Amino acid sequence: MKIYDWPTGPYPARVRIALAEKNLQSRVQFVTVDLWKGEHKTPDFLAKNYSGTLPVLELDDGTLIAECTAITEYLDARDGTPTLTGTTAREKGLIHMMSKRAELELLDAVSVYFHHATPGLGPDVEIYQNAEWGFRQRDKALRGMRYFDGILKSRPFVAGDVFSMADITVIGGLIFADIVKLPLPADCEALQAWYARMQERPSVRNRIAMSEMAAASG
Ligand SMILES: N[C@@H](CCC(=O)N[C@@H](CS)C(=O)NCC(=O)O)C(=O)O
């Protein structure tokens, strides 16, 4: 298997956390695509992923699977220990819902803020920006943090009693929020406590450390 990614990116972090949880990293060859040089928008890369985003999984038979959720589901179906997308029908439904919600209300909102209301990946890559839209999405992301804070007041993990893809998606959102300097509100105590617990997992701690190093070096 090959994975096209940008090693410190918040979306690629989701798949790298899933791989580390499942101890599958050694089965993957990582291919770096330089976001800052716009390599993800070249015709060659767009032929691999129409959306022009990372990560993308390429199987040995040439099949291409984009979208972190789809990649995680593929990895789970291929190697089920531990399962990140649920085993029972109920678990699968809840995990999918909460992961999608974490994208809609947090991670994707932070991403839009980054691409539209900050310099993003620079003028050569960000050819269309709408700052007002970006700032609205920043406010949406802050509301999303409060939503997940409320959720985590009554359960240990985002989708219930077990660590899952939904936790990984919220982690991706908080990694991205940190990169764009959007701090977690001080009164989101349950979310802060959960995030501290998540960082006790080596799979998560290592990803956050990499993103912080990248942010510090500009
Ligand atoms: N919905 C996609 C989003 C992926 C995404 O936005 N990835 C970032 C990498 S951190 C990206 O490629 N950004 C470049 C861009 O949007 O120009 C997924 O879940 O995989």
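## A walk through the fold, starting at helix H3

In H3, the residues Cys68, Thr69, Ile71, Thr72, Leu75 and Asp76 are buried. They cover an arc of only 165° around the axis, so they sit on the same side of H3. Please keep in mind as we go that this is a predicted model.

What covers that buried side of H3? The cover includes helix H1, strands E3 and E4, helix H4 (residues 89–117) and helix H6 (residues 165–179). Several of these elements will come back as we move on, so let us take the strands next.

Four strands form an open sheet, in the order E2-E1-E3-E4, and their pairing is mixed. At the edges are E2 and E4, each of which pairs on one side only. From one strand to the next, the twist averages 25°. If you look at the join between E1 (residues 2–5) and E3, you will find three bridges, and these two strands run antiparallel. One pair to pick out there is Ile3 with Leu57, its bridge partner in E3. Helix H3, where we began, packs on the sheet and touches E3 and E4. The direction of H3 makes about 125° with that of E4. Helix H1 lies across E1 and E2, and runs at about 145° to E1.

The loops around these elements have some backbone details to look at. Where does Asn23 sit? Asn23 is found in the loop between helix H1 (10–21) and strand E2 (29–32). Phi of Asn23 is near 55°, a positive value in a residue other than glycine. With a relative accessible area of 60%, Asn23 is exposed, because the cut-off for that label is over 50%.

Glu67 also has a positive phi, near 80°, and is likewise a residue other than glycine. You can find Glu67 in the loop between strand E4 (64–66) and helix H3 (68–78), which brings us back to our starting helix. Is Glu67 buried or partly exposed? Its relative accessible area is 45%, so Glu67 counts as partly exposed.

Another loop holds a cis peptide bond, the one from Leu54 to Pro55, with omega near 5°. Pro55 lies in the loop between helix H2 (43–48) and strand E3 (56–58). The sheet strand E3 therefore begins at residue 56, just after this proline.

Now for the open space in the model. About 1,100 Å³ of space lies in the largest pocket. Its lining is made up of 41 residues, and those that lie nearest its centre are Tyr11, Leu35, Ser111, His115 and Phe176. Which helix gives the largest share of this lining? That is H4, with nine residues. H1, H3, H4, H6 and helix H8 (residues 202–216) each supply at least two residues of the lining. H1, H4 and H6 were already named among the elements that cover the buried residues of H3.

Let us stay with H4 for a moment. Lys100 is found in this helix. At 41% relative accessibility, Lys100 counts as partly exposed, because the value falls between the cut-offs of 20% and 50%. The C-alpha atoms of Lys100 and Phe163 are separated by 16 Å, and the two residues are 63 residues apart along the chain.

Helix H8 offers a residue to follow in the other direction, towards the interior. Ile208 lies in H8. Its relative accessible area is 7%, so Ile208 is buried. Which residues does Ile208 touch, leaving aside its neighbours within four places in sequence? Ile208 is in contact with Ile175, Tyr195 and Gln199. Ile208 and Gly172 are 36 residues apart in sequence, and their C-alpha atoms are 9.3 Å apart in space.

Our last stop is helix H5 (residues 131–152), the place of Gln137. Is Gln137 buried or exposed? With a relative accessible area of 8%, Gln137 is buried, because that is under the 20% cut-off. Once its neighbours within four places in sequence are left aside, Gln137 is in contact with Ala109, Val112 and Tyr113.

Key
Residues numbered from 1 in each chain as written. Predicted model: local features only at pLDDT ≥ 70, side-chain atom pairs only at ≥ 80, totals over all residues. Heavy atoms only, no water. Buried < 20%, exposed > 50% of the residue type's maximum accessible area, 1.4 Å probe, protein only. Contact = heavy atoms within 4.5 Å. Arc of directions from axis to C-beta. Pairing = 2+ DSSP bridges. Axes fitted to C-alpha atoms, helices over the stretch in contact; angles between N-to-C directions. 1 Å grid on protein atoms, 1.4 Å probe; cavity = no way out; pocket = protein on both sides within 12 Å on 5 of 7 lines; lining within 4 Å. Points joined across faces, edges and corners; volume = space filled by probe spheres on them.
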